[in-house]
Structures are given as structure tokens and as C-alpha cells.
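Please find below some notes on the structure you sent round, set out point by point for reading beside the coordinates.

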Amino acid sequence: MTSSPLTDRTIAILAADGVERVELTEPRQALLDAGATVELVSPKPGTLITFDHFDRAGEERIDKTTGSVSADDYDGLLIPGGVHNPDQLRADDDAVRFVRAFFAAGKPVAAICHGPWVLAEADVLRDRIVTSFPSIRTDLRNAGATWVDEEVVVDEGLTTSRSPSDLPAFNAKLVEEFAEGRHPAQARSA
């Protein structure tokens, strides 16, 4: 019997109100199916509100707050999209610090749709190749990234995708990258 690729790995999902439901739930399920322990981290305790594009979809229970966590406690970080979610995260100093710490440690990070906005705020995109929802490409370029229009892009431990339609490819790559573990070149962005 073979073990799951993410057995003994703990992954943080960083999200806030307005997160795109499917970009939270489907990658989380892929991580759980691969054997990972997954924790939802958010700026505020309690629950967060998920959306299906502009329509309220439901709520998710938050496990820990950004002010109470350390990247040392996790093996990887996932940042789902949605328009409001990353905008709130990039305004939270603890969330930005948390993201930077993953890069400094060379740990794998995955972001989809508008999620890379948080990476831009954390100033970890200089000289990186990424993709995202097309409307934020200029922001990512201004943060020093090379933006490409592809369903999934992997650059030394950083996995990015454009939208929910890319979730199958994104989920497969994020599991693969999280299973590989640390990427020393990831730290060059910190």
C-alpha cells in the first residue's frame, strides 16, 4: 500500500470574506484527498463568507487567525481568489507577514484567480513567472512579475492559475508542488 503524497503535511489556506467558494473548497478537497491536514486561516475568528462570483454562497469555519499563526507550523500555503478576499488580505499586516514568511523559508505557495494580489502586496513577485485572473495582470507586472496567460504556471515552488475553469490543472500541480516540499529558489523572492 502506498502512502498519500501529502501525509504528514499541514497546509494553510489563507482566506477572508468574499473568497470564491469553489477556489477554496475544491483545492482543499484535493489536499485532503492527498493526505494533508488543512487549516483555514483568516484575519478574523469565527466564520467567513464564501461567494459564487457575486452571489453569497455560504460560510466556512475559520481554524486560526493570521495574528496567531506562523509559517513554521505549515508545509505550504494556498491563497484562493475572489475579488473581495485578496483585497482584505493584502490590507492585513499579519496576513502579508505570513505570506512573506513562506517565501523566506522556501516553502511552496499556490494562488489562483485574484489570489496573487496578496503576493504583490507581500512583494514576493519580482522576477517570477505567474498567471492570474486577467484583470490583475497589470498589478502583477507592476510588482515585478512576468505575467502569462496559461491555465497553470509553476515557478520554483510558486503555483498560479487564472480562474475556476483551471481548477483541475491547478489542483494537480499544487498537490505535486506541496509534495516536493521546500524549493530553495523560492526564498530569492522574499
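The points below go from the overall fold to the cores and then to single residues.

1. What is shown here is a predicted model, and the comments that follow should be read with that in mind. The protein contains six helices and 12 strands. Its radius of gyration is 15 Å, close to the 16 Å that the globule rule gives for 190 residues, so the protein is as compact as a globular protein of that length. Taken along the principal axes, the C-alpha atoms fill a box of roughly 45 × 35 × 30 Å.

2. Of the 190 residues in the protein, 53% are buried. When contacts between residues at least 6 apart in sequence are considered, 69% of them join residues that are at least 24 apart.

3. As for the surface, the protein exposes about 8,100 Å², of which carbon and sulfur atoms supply 46%. There are 19 positive and 32 negative side chains, and the centres of these two sets lie 2 Å apart.

4. The largest nonpolar core comprises 31 residues, and those with the most contacts inside it are Leu14, Leu77, Ile79, Phe98, Val99 and Leu119. At least two residues of this core come from each of strand 1 (10-14), strand 7 (76-79), helix 3 (93-104), strand 8 (109-112) and helix 4 (116-121), and helix 3 gives the most, with six residues. A second, separate core has 24 residues, among them Ala30, Ile62, Cys113 and Leu174.

5. Leucine 14 deserves a closer look within the largest core. If its neighbours within four places in sequence are left aside, leucine 14 is in contact with ten residues' worth of partners that include Val41, Thr66, Leu89 and Ala95; the contacts also include Leu77, Ile79, Phe98 and Val99, which are themselves listed with leucine 14 among the residues with the most contacts inside that core.

6. Helix 2 (residues 84-90) holds two residues that can be read together, histidine 84 and asparagine 85. Which of the two is buried, and which partly exposed? Asparagine 85 counts as buried, at 0% relative accessibility, whereas histidine 84 is partly exposed, with a relative accessible area of 46%. Not counting residues up to four places away in sequence, histidine 84 touches Asp17 and Gly18, while asparagine 85 is in contact with Ala15, Ala16, Asp17, Gly18, Val19 and Pro80. Histidine 84 and proline 164 are 80 residues apart in sequence, and their C-alpha atoms are 16 Å apart in space.

7. Asparagine 171, in helix 6 (residues 167-180), has a relative accessible area of 11% and is therefore buried, the cut-off being under 20%. Residues up to four places away in sequence aside, asparagine 171 touches Glu26, Pro27 and Ala30, and Ala30 is one of the residues of the second core.

8. Two residues other than glycine have a positive phi and merit a look at the backbone. Cysteine 113, with phi near 65 degrees, is placed in the loop between strand 8 and helix 4; it counts as buried at 7% relative accessibility and belongs to the second core. Aspartate 123, with a phi of about 60 degrees, lies in the loop between helix 4 and strand 9 (129-130), and aspartate 123 is partly exposed, with a relative accessible area of 42%.

Technical notes
Residues are numbered from 1 along each chain as its sequence is written. This is a predicted model: local features need pLDDT of at least 70, side-chain atom pairs count only at pLDDT 80 or more; totals for chains, interfaces and linings use all residues. Side-chain values use heavy atoms; hydrogens and water are left out. Helices (H or I, at least four residues) and strands (E, at least two) are DSSP runs, numbered from the N terminus. The radius of gyration is taken over C-alpha atoms; the globule rule is 2.2 Å times the number of residues to the power 0.38. Buried means under 20% relative accessible area, exposed over 50%, partly exposed in between (1.4 Å probe, protein chains only). Contact means heavy atoms within 4.5 Å. Accessible areas come from the Shrake-Rupley method with a 1.4 Å probe; for residues, only the protein chains shown count as cover. Lys and Arg count as positive and Asp and Glu as negative; His and the chain ends are not counted. The place of a charge is taken as NZ of Lys, CZ of Arg, CG of Asp or CD of Glu. A nonpolar core is a set of buried Ala, Val, Leu, Ile, Met, Phe, Trp, Tyr and Cys residues joined through side-chain atoms within 4.5 Å.
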